[in-house]
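Good morning, colleagues. Please turn to the sequence and the model on the screen before I begin.

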Amino acid sequence: MFASVNGRWEDERRTSTQPNLAFDIQEANTKANVRVGLGSYSGRWAVELWSNNVTDEQTKNVTFNTPLRVGSRSTFLEAPRTAGATLRLTF
């Protein structure tokens, strides 16, 4: 049986090379990931439940000028909360 929690805190940062645009600033944020599992002592099987970005923190990755729209800015967002299960088998 195991459990794992990891986190990352990030200070305010720029998301573009454009000077002095408030839209291009990603505010400070914290993200956490969790994984719990159960497996055999021999390592032949394991079942894991996991979730990334548990608090569903929405953050900007990159901002850029929107093509064909003068004066408009767009952004690519980082991954939202994701969750899943993993089954591991060794033959």
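I shall go through the sheet, then one loop, and then the side chains.

Please bear in mind throughout that this is a predicted model.

Let me begin with the sheet. Four strands form an open sheet, and their order is β1-β4-β5-β8. The pairing is antiparallel. Which strands stand at the edges? They are β1, residues 2-10, and β8, residues 82-89. Each of these has a single partner strand, so one side of β1 and one side of β8 have no neighbour in the sheet. On average, neighbouring strands here are turned by 15° against each other, if direction is ignored.

I turn now to one pairing in this sheet. Strand β4 covers residues 29-39 and strand β5 covers residues 45-52. These two strands run antiparallel, and six bridges join them. As an example of the register, Leu 38 has Val 47 in β5 as its bridge partner.

Next, the connection between these strands. The loop between β4 and β5 contains Gly 43. Is Gly 43 buried, exposed or partly exposed? Its relative accessible area is 46%, and Gly 43 is therefore partly exposed, since that class lies between 20% and 50%. Gly 43 can also be placed relative to Arg 88: the two residues are 45 apart in sequence, while their C-alpha atoms are 9.0 Å apart in space. Arg 88 falls within β8, the edge strand spanning 82-89.

Finally, the aromatic side chains. The count of aromatic pairs comes to one. In addition, Lys 60 places its charged end over the ring of Phe 23, at 4.2 Å from the ring centre.

Thank you for your attention.

Note on methods: Residues are numbered from 1 along each chain as its sequence is written. This is a predicted model: local features need pLDDT of at least 70, side-chain atom pairs count only at pLDDT 80 or more; totals for chains, interfaces and linings use all residues. Side-chain values use heavy atoms; hydrogens and water are left out. Two strands pair if DSSP finds at least two bridges between them. Axes are lines fitted to C-alpha atoms, for helices over the stretch in contact, and angles run from 0 to 180 degrees between N-to-C directions. Rings of Phe, Tyr and Trp (its six-membered ring) pair if their centres lie within 6.5 Å; planes under 30 degrees apart count as stacked, over 60 as edge-to-face and the rest as tilted. A charge sits over a ring if NZ of Lys or CZ of Arg is within 6 Å of the ring centre and within 35 degrees of the ring normal. Buried means under 20% relative accessible area, exposed over 50%, partly exposed in between (1.4 Å probe, protein chains only).
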